[in-house]
Amino acid sequence: MAQEVLEVEVKLAVDEGVKPPGPSLVDATLSITSTTTHNLSATYFDTEDLRLTRAKTVLRCRTGGTDDGWHVKLPGEGGARRELQVPLADAPGEEVPAELREAVADIVGDAPLVPIARVDNRRVESVLGREGTAYAEFCDDHVTSESYLPGGQTQSWREWELELTEAVAGTEAGETLLHNATEAMLAAGARPADAPSKLVKALGDSMPAGPAGPVDAALRETRDRIVDYAPRVRDDEYDSVHQMRVATRTMRSLLETFEGAYSGTDVAHLEAELKHTAAVLGSARDAEVVEQRIHDLVATDETGTIDAATAVHLNRDIREVYEVAHAEIVQMLDSERFAELLVDVDKLQPAGKQSDAELYAQLRGAYKKLKKRDAKMEKHADDASLPLAEREAYVHAVRKAAKKLRYAAVAAQDSGLKAKPLVKACVRLQSVLGDFQDSVTTREHLVRLAQAAHSRGEDTFAYGVLYQRELELGRAALAGYPKAMKKVKKAFKKL
């Protein structure tokens, strides 16, 4: 049975012969309650193309110490890490335990997990505590490693590590303790580590080469974000659905905007799969946004027409919409279709580094599409002969074009193009149009919720009141549109 713990720690590099700081320099009320020397040996596992390492996830089997066994370390909130542990007694040998294989399934799919490195460590561990309670463990590590990747080498180094115990991990007191410990270790002679983990340090130059250019770097970063947020979405972590949806949309926009820049898989099929994934995520994200907006509308109502029973029904009904949508997301994450999507992403190969001229041409194409949709929206904005939904669809089309231009500008800003002002202007325009679209989405949900309430024989007058308020909020949001669009046009001219 896997056990989950929260890991909050800091690691710093240090030379041989440097004396560790005393506990009083970290916290005057703490003292060393025990000191133990451990001989640890860990074998790290990953796919041949290092999907776990790229996703900042660690899978290892370690012997020695107080927590020997199989460990998976997953990214968590606020720099912390979630660690799943399975004792060696439950999973002897080199076969990855089923529970941990399942924990990384969103990342690795069906790819085999093989040993990629070994790290041996003579650890001097000191427990810092007060009045019988342990608050932190300070580790003085003397490390030797070997990479099993092609071109891998043997290395040795020393580092200090301070990890908070469960008594303070994730608390404000723990943050203060971690900050003070970092300052004390730096003052004693430590320095920032040149690698984020022992594994990355061990792999060294045997790690595959980095991205071919800024667009490739943006695409790889987006892929890692999709993988990173998949388990968080499954756990219903705050804002995870939104972040994963943004990542899938970003990747699709990059592939569309920089058409021809990639090969190695069916790019058109991949774009369609990314669109499907974003749509599944979108249902839950829309319900999430609408739930918050309805809550705020009810809380700030001044008409007195929304009674307590109606408020309860509104919040209950939209929560049910979200829960159904989230269940559909989990089903998608468990599907072979999603696993194949990640495999297709990993097959992408850059066709070659793009020149600044090529990047500019593709940015210009995205900008021209935005201008065209802006002109169409302005033409029909006050055309009362058109249905409201049609006029609002023109606004939504501008928003989608602004997103694509922004994603492309973000990818290009690490090149010779000075695209940062354009990114900033697009963000502002997206914010204006996003507020408007949130209002439209809320009105659409209110109509459906009102119809359901009416079928139950309930009074739906309050739904109409909220609908009208959202209509006014949407119009108010668009007041900032002309200025925001003008800044985008000005920023693009600077390119």
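## His326 and its contacts

His326 touches Val233, Arg234, Asp236 and Ala284, leaving out residues up to four places away in sequence. This comes from a predicted model. His326 itself sits in helix 10, which covers residues 308-333. Is His326 buried or exposed? Its relative accessibility is 10%, so His326 counts as buried.

One of these partners, Asp236, deserves its own look. Asp236 is placed in the loop between helix 7 (214-234) and helix 8 (240-257). With 37% relative accessibility, Asp236 counts as partly exposed, because that class runs between the 20% limit for buried and the 50% limit for exposed.

## Two positive phi angles

Most residues other than glycine have a negative phi. Which value does phi take at Asp236? Phi of Asp236 is near 60°, a positive value in a residue other than glycine.

Glu131 is another case. Phi of Glu131 is near 50°, again positive in a residue that is not glycine. Glu131 belongs to the loop between strand 7 (114-130) and strand 8 (133-147). Its relative accessibility is 78%, so Glu131 counts as exposed.

## Leu417 in a loop

Where does Leu417 lie? Leu417 is found in the loop between helix 13 (388-412) and helix 14. Leu417 has 12% relative accessibility and therefore counts as buried.

Leu417 contacts Asp356, Leu359, Tyr360, Leu363, Ala412 and Leu495, setting aside neighbours within four places in sequence. Take Leu359 from that list. Leu417 and Leu359 are 58 residues apart in sequence. In space, their C-alpha atoms are 8.3 Å apart.

## A positive surface patch

Seven side chains need naming here: Lys424, Arg428, Lys483, Lys486, Lys487, Lys490 and Lys494 form a positive surface patch. Which helices each supply at least two residues of the patch? They are helix 14 (420-455) and helix 16 (481-493). Helix 16 gives the largest share, four residues.

Lys486 is one of the patch members. Lys486 is located in helix 16. Its relative accessibility is 64%, so Lys486 counts as exposed.

## The chain as a whole

The chain has 495 residues, and 49% of them are buried. How many helices and strands does the chain have? There are 16 helices and 12 strands. Along the principal axes, the C-alpha atoms fill a box of roughly 80 × 60 × 45 Å.

Contacts can be sorted by sequence separation. Among contacts with a separation of 6 or more, 72% link residues 24 or more positions apart. The chain exposes about 24,200 Å². Carbon and sulfur atoms supply 50% of that area. The chain carries 65 positive and 81 negative charges. The mean positions of these two sets of charges are 10 Å apart.

How values were computed:
Residues are numbered from 1 along each chain as its sequence is written. This is a predicted model: local features need pLDDT of at least 70, side-chain atom pairs count only at pLDDT 80 or more; totals for chains, interfaces and linings use all residues. Side-chain values use heavy atoms; hydrogens and water are left out. Patches are made of residues with over 30% relative accessible area and no salt bridge: like charges are joined within 9 Å, nonpolar side chains (Val, Leu, Ile, Met, Phe, Trp, Tyr) within 5 Å. Accessible areas come from the Shrake-Rupley method with a 1.4 Å probe; for residues, only the protein chains shown count as cover. A salt bridge is a side-chain nitrogen of Lys or Arg within 4 Å of a carboxyl oxygen of Asp or Glu. Lys and Arg count as positive and Asp and Glu as negative; His and the chain ends are not counted. The place of a charge is taken as NZ of Lys, CZ of Arg, CG of Asp or CD of Glu. Buried means under 20% relative accessible area, exposed over 50%, partly exposed in between (1.4 Å probe, protein chains only). Contact means heavy atoms within 4.5 Å.
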